[in-house]
Amino acid sequence: MNPDVAADLKELTTTLESIEAVADLPRLRSEIADLEDQAGQPDLWNEPAAAQKVTSRLAHAQGDLRRLEDLRRRLEDLPVLYELAEDEGDEAAGADADAERAKLREDISALEVRTLLSGQYDQREAMVTIRSGAGGVDAADFAEMLLRMYLRWAEQHNYSTEVYDTSYAEEAGIKSATFQVHAPYAYGTLSVEQGTHRLVRISPFDNQGRRQTSFADVEVLPVVEQDDAVEIDEKDLRVDVYRSSGPGGQGVNTTDSAVRLTHLPTGIVVSCQNERSQIQNKASAMLVLQAKLLARRQEEQRAEMDALKDNTSASWGNQMRSYVLHPYQMVKDLRTEYEVNNPAAVLDGAIDGFIEAGIRWRRGASTN
């Protein structure tokens, strides 16, 4: 075997072993067995929320194990592929082995990123809010483009999502939207997407065809769990109900089922209109409010720690990514310098490269 190929395979083996060690395969198999036992209980669905959590966690744990076992199998098959190609003098087979090695390196690198997610809340599900910024109708349209981008990304990874609230703009696009990504490590993965996104293009809403720059903000929060729930006193809440609406003012239903919660001590406002009943919408809105209050508590704790340490942490800055559709085609992350020249693919959900680069960048910034 070519010495360079042998060295590369050795490096891939070392990387995969480190991933397997972090994943703790014996523990993962034990967890799967325990979850399978829970999922087989006849009274599981007596509590639908708890049952869904068990089945979701089981599916993701099984998926993690399958990915690791598949990578191990492919890595062990590669030397055999090279040996057969050399023995038979088959250049096409050698090229196929090279292609598989390149793809395997890409897949192992993607999985390695998961091992860098070790923050306090990284393994949680994610609550994502997108808001249009400066730029008028173009900004509202851009916010809707980002919403579709993240929902497509989740769909491509088989992550279920739940949209809690969408506030539509008058002419086109959205003012804001909040949705949850139901997947382990969704928060740690998507947290690097937080910040201001910038779009440059010829505005489809400008009859003179001028170039327009618009902005949208992305906020990513960890979903609150019982052990860290922030207590909310009912007297600190103002609850408003109103009729749900869709694009163009079309009625979604005919009752005042949408709910807006205002947390009086902090001024935080959240709303939900995706459910049919007022009670369900209030419960969903409370979940979003809990996530926002937890994030505020985290910020206060970080500020206290920074004051004690008397230093400044790595700043992500305000504007973190540019999407340029004119006069050239490019999407570039301003923190990591990662860029691609296919904005259409990115806006269709192909953002894994940006996410992986962001996670590696954050880890590097935190250790400097």
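Me: Which loop is Glu337 found in?
Reply: This is a predicted model, so keep that in mind as we go. Glu337 has a positive phi of about 70° although it is not a glycine. As for cover, Glu337 is partly exposed, at 48% relative accessible area. Its place is the loop between β10 and β11 (339–340).

Me: What is the phi of Tyr185?
Reply: Most residues other than glycine have a negative phi. Tyr185 sits in the loop between β3 (174–182) and α6 (186–190), and it is partly exposed, with a relative accessible area of 22%. Tyr185 is not a glycine, yet its phi is positive, at about 65°.

Me: Is the peptide bond from His326 to Pro327 cis or trans?
Reply: Most peptide bonds are trans. Pro327 is in the loop between β9 (319–324) and β10 (330–333). With omega near 10°, the bond from His326 to Pro327 is cis.

Me: Let's zoom out. How many helices and strands does the protein have?
Reply: There are 368 residues in the protein, and 41% of them are buried. The C-alpha trace spans about 75 × 65 × 50 Å along its principal axes. The secondary structure comes to 9 helices and 11 strands.

Me: Among contacts between residues at least 6 apart in sequence, what percentage join residues at least 24 apart?
Reply: Contact here means heavy atoms within 4.5 Å. Counting the contacts between residues at least 6 apart in sequence, the portion that joins residues at least 24 apart is 64%.

Me: How far apart are the centres of the positive and negative side chains?
Reply: The protein has 40 positive side chains and 64 negative ones. Take the centre of each set, and the two lie apart by 6 Å.

Me: Which helix supplies the largest share of the negative surface patch?
Reply: The patch is formed by Glu83, Glu86, Asp87, Glu88, Asp90, Glu91 and Asp96. Two helices, α3 (48–88) and α4 (91–114), each supply at least two of its residues. The largest share, 4 residues, comes from α3.

Me: Is Glu91 buried or exposed?
Reply: Glu91 is one of the residues in that negative patch, and it lies in helix α4. Exposed means over 50% relative accessible area. Glu91 has 73%, so it counts as exposed.

Me: Which residue forms a salt bridge with Arg101?
Reply: The structure holds 33 salt bridges. In the one made by Arg101, the closest N and O atoms are 2.7 Å apart, and the partner is Asp8. Arg101 lies in helix α4 and its partner in helix α1 (residues 3–23), so the bridge ties together parts that are 93 residues apart in sequence. Arg101 is buried at 17% relative accessible area, and buried at 12% is the partner you asked for, Asp8.

Me: How many residues apart in sequence are the parts that Arg72 and Glu20 tie together?
Reply: Arg72 and Glu20 form a salt bridge, with the closest N and O atoms 3.0 Å apart. Arg72 lies in helix α3 and Glu20 in helix α1, so the pair ties together parts whose separation in sequence is 52 residues.

Me: Where does Glu234 lie?
Reply: The side chains of Glu234 and Lys282 meet in a salt bridge, at 3.8 Å from N to O. Lys282 belongs to helix α7 (residues 278–309), and Glu234 is in the loop between β5 (211–222) and β6 (237–242). Lys282 is partly exposed at 27% relative accessibility. Glu234 is also partly exposed, at 47%, and its place is the loop between β5 and β6.

Me: Is Leu25 buried or exposed?
Reply: Leu25 lies in helix α2 (residues 25–39). Not counting residues up to four places away in sequence, it touches Glu20, Leu65 and Leu68. Buried means under 20% relative accessible area. Leu25 has 16%, so it counts as buried.

Me: Which residues does Asp141 touch, not counting those up to four places away in sequence?
Reply: Asp141 lies in helix α5 (residues 136–156). At 14% relative accessibility, it counts as buried. Leaving out residues up to four places away in sequence, Asp141 touches Ala172, Gly173, Arg201 and Phe205.

How values were computed
Residues numbered from 1 in each chain as written. Predicted model: local features only at pLDDT ≥ 70, side-chain atom pairs only at ≥ 80, totals over all residues. Heavy atoms only, no water. Patch = residues over 30% accessible without salt bridge, like charges linked within 9 Å, V, L, I, M, F, W, Y side chains within 5 Å. Areas by Shrake-Rupley, 256 points an atom, 1.4 Å probe, with all protein chains shown as cover. Salt bridge = Lys/Arg side-chain N within 4 Å of Asp/Glu carboxyl O. Lys, Arg positive; Asp, Glu negative; His and termini not counted. Charge placed at Lys NZ, Arg CZ, Asp CG, Glu CD. Buried < 20%, exposed > 50% of the residue type's maximum accessible area, 1.4 Å probe, protein only.
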